[in-house]
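Okay everyone, thanks for coming. Let me put the structure up on the screen, and then I'll walk you through a few parts of it.

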Amino acid sequence: LRDVNVWLCDNGLILNRTKTQAIVIKSFTLCAPITLTHADVCGQLVPTSTVVRDLGFAIDADLSMAAQVSNACRSAYYHLHRISRIRATLTTGTTKCLVHALVTSRIDYGNVSLYGIADRLLHRLQMVQHSAARIVLCIRRGDRQSVTAALNILHWLPVKWRIQYKLFVLVFTAVHDKTPAYLASLISPYVQRRTLRSTDRGLLTVPRHKLVARSRAQDRHSGMRCRTIYD
């Protein structure tokens with residue numbers, strides 16, 4: 001933080017300590033309480049929070065992205081309710097534009113960080129998209145027309161595929177040097193030891209990592225199966 005403050009001063013900027021937030025990132029399986037309650041930001045103590053916002057994206061302490069999903073769903077349903085009240089006076093094209101501007105944009109904002117989230121959180125975002133499709137096409141919940149057919153008519157990818165598509169686009173631009181250097185440096189092509197049929201497939205190197213180690217040992221105190229998380 002001191003280095004960041006020096007860099008800001010050298011470039012004619014100043015660190016706003018009153019608006020600075022601090023958070024302690026921990027594993028969701030860590031039952032022990034966090035003892036760090038304040039962080040020293042260049043001489044000023046800043047209390048730690050369980051959720052902080054960075055460029056409008058909510059980040060929680062266990063990186064489950066539950067806070068971001070809740071905020072996106074709450075805002076999306078609010079605008080969907082307002083659009084549904086005037087849907088009778090709007091055309092399909094106008095309603096689709098309103099949904100894209102007020103609802104879909106909130107679901108897609110920062111969705112690359114939502115890759116790998118829990119299925120229950122992904123289901124909540126998918127329900128928002130289903131509600132938006134029903135409003136655009138004037139489909140009632142009791143109608144026999146499926147929501148999947150409605151998404152095909154609107155040419156909308158499901159939320160899970162939208163996240164994957166955004167991630168693929170980001171990787172593609174990083175491979176072709178169309179992103180900043182700090183992102184392009186994270187992508188490296190896979191170099192094979194000998195010539196194979198897959199040489200020209202443009203494969204990428206997958207770094208080795210071990211995030212989850214399952215253990216069948218029983219906890220002596222609680223009697224519950226434990227899981228150890230490695231970062």
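I'll go from the strands to the helices, then to the core and the empty spaces. One thing to keep in mind throughout: this is a predicted model.

Let's start with the strands. There's an open sheet of 3 strands, in the order β1-β3-β2, and its pairing is mixed. The edges are β1, residues 22-23, and β2, residues 38-41, and each of these pairs on one side only. If you look at β2 and β3 (residues 44-49), they run antiparallel and are joined by 4 bridges. To find one of those spots on your screen, look for D40, whose bridge partner in β3 is L45.

Next comes a hairpin. β4 and β5 pair in the antiparallel sense, over 4 bridges. Between these two strands sit 2 residues, and L55 in the turn has a positive phi of about 55 degrees. Close to that turn you can pick out D54, which stands opposite F57 in β5.

Hang on to that hairpin, as we now move to helix α2. How far apart are the end C-alpha atoms of α2? Well, α2 covers residues 66-85, so that's 20 residues, and at 1.5 Å a residue they should span 28 Å. The end C-alpha atoms are 29 Å apart in the model, which agrees.

Which residues of α2 are buried? They are A67, Q68, V69, A72, C73, A76, H79, L80 and I83. Look at how those numbers are spaced, and remember a general point about helices. An α-helix has 3.6 residues a turn, so residues three or four places apart point the same way. And what do the buried residues of α2 pack against? The answer is β4 (51-54) and β5 (57-60), our hairpin strands, plus the helices α3 (92-108) and α4 (119-137).

Let's stay with α4 for a moment, and zoom in on S131, which is found in that helix. Is S131 buried or exposed? Its relative accessible area is 11%, and the cut-off for buried is under 20%, so S131 counts as buried. Leaving aside neighbours within four places in sequence, S131 is in contact with Y77, L80 and R141. You've met L80 already, as one of the buried residues of α2.

Now for the core. The largest nonpolar core has 29 residues, and the ones touching the most other members are L114 and W156. The elements giving two or more residues to this core are α2, α3, α4, α5 (147-154) and α6 (159-175). α4 makes the largest contribution, with 8 residues. As for L114, if we leave aside neighbours within four places in sequence, its contacts are F57, M65, Q68, V69, L125 and I163.

Last topic: empty space. Rolling a probe the size of a water molecule over the atoms shows where empty space is left. How many cavities of 30 Å³ or more are there? The count comes to 1, and about 50 Å³ of space lies in that cavity. Its lining includes V103, T104, Q129 and also W156, the residue we just met in the core. α3 provides the largest share of that lining, with 3 residues.

There are pockets too, and the second largest has a volume of about 350 Å³. Among the residues lining this pocket are V112, Y115, F168 and L204. Here α6 gives the most to the lining, with 6 residues.

That's my tour, so over to you for questions.

Methods:
Residues are numbered from 1 along each chain as its sequence is written. This is a predicted model: local features need pLDDT of at least 70, side-chain atom pairs count only at pLDDT 80 or more; totals for chains, interfaces and linings use all residues. Side-chain values use heavy atoms; hydrogens and water are left out. The expected span of a helix is 1.5 Å times one less than its number of residues. Buried means under 20% relative accessible area, exposed over 50%, partly exposed in between (1.4 Å probe, protein chains only). Contact means heavy atoms within 4.5 Å. A nonpolar core is a set of buried Ala, Val, Leu, Ile, Met, Phe, Trp, Tyr and Cys residues joined through side-chain atoms within 4.5 Å. Two strands pair if DSSP finds at least two bridges between them. On a 1 Å grid over the protein atoms alone, a cavity is a set of points where a 1.4 Å probe fits but cannot get out, and a pocket is an open set with protein on both sides within 12 Å along at least five of seven lines; lining residues have an atom within 4 Å of a point. Grid points are joined across faces, edges and corners, and a volume is the space filled by probe spheres set on the points.
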